[in-house]
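Visitor: Hello! Could you walk me through this structure and explain the words you use?
Guide: Gladly. Let us look at it together.

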Amino acid sequence: MGANVISNNDLGKLLLRLSVGGLMLFHGVHKLQHGVGFISNMLAEAGLPQVLSYGVFVGEVIAPLMIVLGILSRPAALVEAFVMLMAVYLVHMGELWQLTEHGGYALELQALYFFGSLAIVFLGSGRYSVSGGNGALD
């Protein structure tokens, strides 16, 4: 095996996009099936307009699809990172400095989505994408 098989930045970018975007898509599909009423309530409690709850479809369905496909993946990943910040703000602030009963960080899933999204912002989509990684925003 040559070094090119192990050192494949484009394959690494693809795996990152598939995991960050693909796994977030499950959250979006759940909201498509069950609605966003609980998000509307949390927004109202935070003094924010309830209509913003529909933005979750952009952040958990459209943006993840764009990330997985590698279409405008940098802006899509920024949207996903913002969704994670809002999720922490609205739902998880009480867990921000907590550990689980097994010693893990209580918000490790949210942190992985957030930092994985930021990694995509900085790395781009790579060659294995619809865009071929050729655009400045891919």
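Visitor: What makes aspartate 10 and arginine 127 a salt bridge?
Guide: First, a note on what you see: this is a predicted model, where local features need pLDDT of at least 70, side-chain atom pairs count only at pLDDT 80 or more, and totals for chains, interfaces and linings use all residues. Residues are numbered from 1 along each chain as its sequence is written, and side-chain values use heavy atoms, with hydrogens and water left out. Now, a salt bridge needs a side-chain nitrogen of Lys or Arg within 4 Å of a carboxyl oxygen of Asp or Glu. For aspartate 10 and arginine 127 the closest N and O atoms are 3.5 Å apart, so the pair fits the definition.

Visitor: Where in the chain do aspartate 10 and arginine 127 sit?
Guide: Aspartate 10 is in helix α2 (residues 9–34), and arginine 127 is in the segment after α6 (108–123), 117 residues apart. Helices here are DSSP runs (H or I, at least four residues), and strands are runs of E (at least two), numbered from the N terminus. The protein has 6 helices and 0 strands.

Visitor: Why is aspartate 10 called buried?
Guide: Its relative accessibility is 18%, and buried means under 20% relative accessible area (exposed is over 50%, partly exposed in between, with a 1.4 Å probe and protein chains only). So aspartate 10 counts as buried.

Visitor: What makes glutamate 60 and lysine 31 a salt bridge?
Guide: Their closest N and O atoms are 2.8 Å apart, so they meet the cut-off too. Glutamate 60 lies in helix α4 (residues 55–69) and lysine 31 in helix α2, so the pair ties together parts that are 29 residues apart in sequence. Glutamate 60, at 7% relative accessibility, counts as buried, and lysine 31 is buried at 10%.

Visitor: Why is the pair of tyrosine 54 and phenylalanine 57 called tilted?
Guide: Rings of Phe, Tyr and Trp (its six-membered ring) pair if their centres lie within 6.5 Å; planes under 30 degrees apart count as stacked, over 60 as edge-to-face and the rest as tilted. Here the centres are 6.3 Å apart and the planes are at 35 degrees, so the pair is tilted.

Visitor: What kind of aromatic pair do phenylalanine 114 and phenylalanine 115 form?
Guide: An edge-to-face one, with 5.0 Å centre to centre and 75 degrees between the planes.

Visitor: Is phenylalanine 115 buried or exposed?
Guide: At 54% relative accessibility, phenylalanine 115 counts as exposed, while phenylalanine 114, at 18%, counts as buried.
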